[in-house]
Amino acid sequence: MSEQTHPEIVAYLKPVCGWSNGVRAVLRKYGLQYADKDIINDRSNYSEMVRKSGQPLSPCIEIDGEMLADISGPEVEQYLLEKGLVKAKAAASA
């Protein structure tokens with residue numbers, strides 16, 4: 001039984017982008033639910049990202065109100081582990 005609460009995650013991502021897909025892969029790896037906001041086809045999402053992050057580069061991900069701007073999948077994973085939001089997964093599972 002885990003008492004761990006799930007963080008609230010909003011991801012500002014491009015539909016087709018290696019960096020955005022890297023962020024998605026990390027969130028999937030840990031089974032985290034998140035809002036995937038398309039910043040290419042919905043300009044209001046892009047404007048919201050720029051307003052919240054203070055800069056125009058993506059991916060940006062907001063975790064429990066903390067904005068991580070222009071971030072890669074490995075950086076997201078490191079943040080989640082450092083904050084204790086996820087537990088490290090073994091490299092090889094039985």
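Mentor: Before we begin, a helix here is a DSSP run of H or I with at least four residues and a strand is a run of E with at least two, both numbered from the N terminus. Please keep in mind that this is a predicted model.

Trainee: Where is the place of S58?
Mentor: A good way in is the residue that follows, since a cis peptide bond, with omega of about 5°, joins S58 and P59. P59 has its place in the loop between α2 and β3. The place of S58 is likewise in the loop between α2 and β3.

Trainee: Does S58 count as buried or exposed?
Mentor: Leaving aside the neighbours within four places in sequence, S58 is in contact with Y12, K14, I39, M49 and D70. The limit we need is that a residue under 20% relative accessible area is called buried. S58 has 15% relative accessibility and therefore counts as buried.

Trainee: Which strands stand at the edges of the sheet, each with a single partner strand?
Mentor: The open sheet has four strands in the order β2-β1-β3-β4, and the pairing is mixed. The two edge strands each have a single partner, so one side of each is left without a neighbour in the sheet; they are β2 (35-38) and β4 (66-68).

Trainee: In which sense do β1 and β3 pair?
Mentor: We can begin with two pairs of residues, for I9 has I63 as bridge partner in β3, while Y12 has C60 as bridge partner in β3. Four bridges join strand β1 (residues 9-13) to strand β3 (residues 60-63), and their sense is antiparallel.

Trainee: And how do β1 and β2 run?
Mentor: On this side of β1, Y12 stands opposite K37 in β2. The two strands are joined by four bridges, and they run parallel.

Trainee: How many of the residues of β1 are buried?
Mentor: In general, the side chains of a regular strand alternate between the two faces of the sheet. Here I9, A11 and L13 point one way from β1, whereas V10 and Y12 point the other way, and all are buried. The strand is largely enclosed by the rest of the structure, because the number of its residues that are buried is five of the five.

Trainee: Which residues of the largest nonpolar core touch the most other members?
Mentor: As background, nonpolar side chains in soluble globular proteins tend to be buried together. Leaving aside the neighbours within four places in sequence, L32 is in contact with H6, P7, I9, L27, L80 and V86. The largest nonpolar core has 17 residues, and those that touch the most other members are L27, L32, I61, I63, V76 and L80.

Trainee: Which elements give two or more residues to this core?
Mentor: Recall that the core in question is the largest nonpolar one, with 17 residues. Two or more of its residues come from each of β1, α1 (18-29), β3 and α3 (73-82).

Trainee: How far apart are the axes of α1 and α3?
Mentor: Two packed helices are described by the angle between their axes and the distance between the axes, so we should look for both values. The angle at which α1 and α3 pack is about 35°, and the distance between their axes is 7 Å.

Trainee: By class, which residues make the contact of α1 with α3?
Mentor: The helices α1 and α3 pack at an angle of about 35°. From α1 the contact takes G22, V23, V26, L27 and K29, and from α3 it takes G73, P74, V76, E77 and L80. By class, these are six nonpolar, two polar and two charged residues.

Trainee: How many disulfides does a search of the whole structure find?
Mentor: A disulfide is a covalent bond between the sulfur atoms of two cysteines. The cysteine sulfur closest to that of C17 is in C60, and the bond is ruled out because the separation of 11 Å is too far. The search of the whole structure finds a number of disulfides equal to zero.

Trainee: Does D64 count as buried or partly exposed?
Mentor: D64 lies in the loop between β3 and β4, and has a positive phi of about 50° although it is not a glycine. With 49% relative accessibility, D64 counts as partly exposed.

Conventions
Residues are numbered from 1 along each chain as its sequence is written. This is a predicted model: local features need pLDDT of at least 70, side-chain atom pairs count only at pLDDT 80 or more; totals for chains, interfaces and linings use all residues. Side-chain values use heavy atoms; hydrogens and water are left out. Two strands pair if DSSP finds at least two bridges between them. A nonpolar core is a set of buried Ala, Val, Leu, Ile, Met, Phe, Trp, Tyr and Cys residues joined through side-chain atoms within 4.5 Å. Buried means under 20% relative accessible area, exposed over 50%, partly exposed in between (1.4 Å probe, protein chains only). Contact means heavy atoms within 4.5 Å. Axes are lines fitted to C-alpha atoms, for helices over the stretch in contact, and angles run from 0 to 180 degrees between N-to-C directions. Ala, Val, Leu, Ile, Met, Phe, Trp, Tyr, Cys and Pro count as nonpolar, Asp, Glu, Lys and Arg as charged, and the others, Gly among them, as polar. A disulfide is a pair of cysteine sulfur atoms within 2.5 Å.
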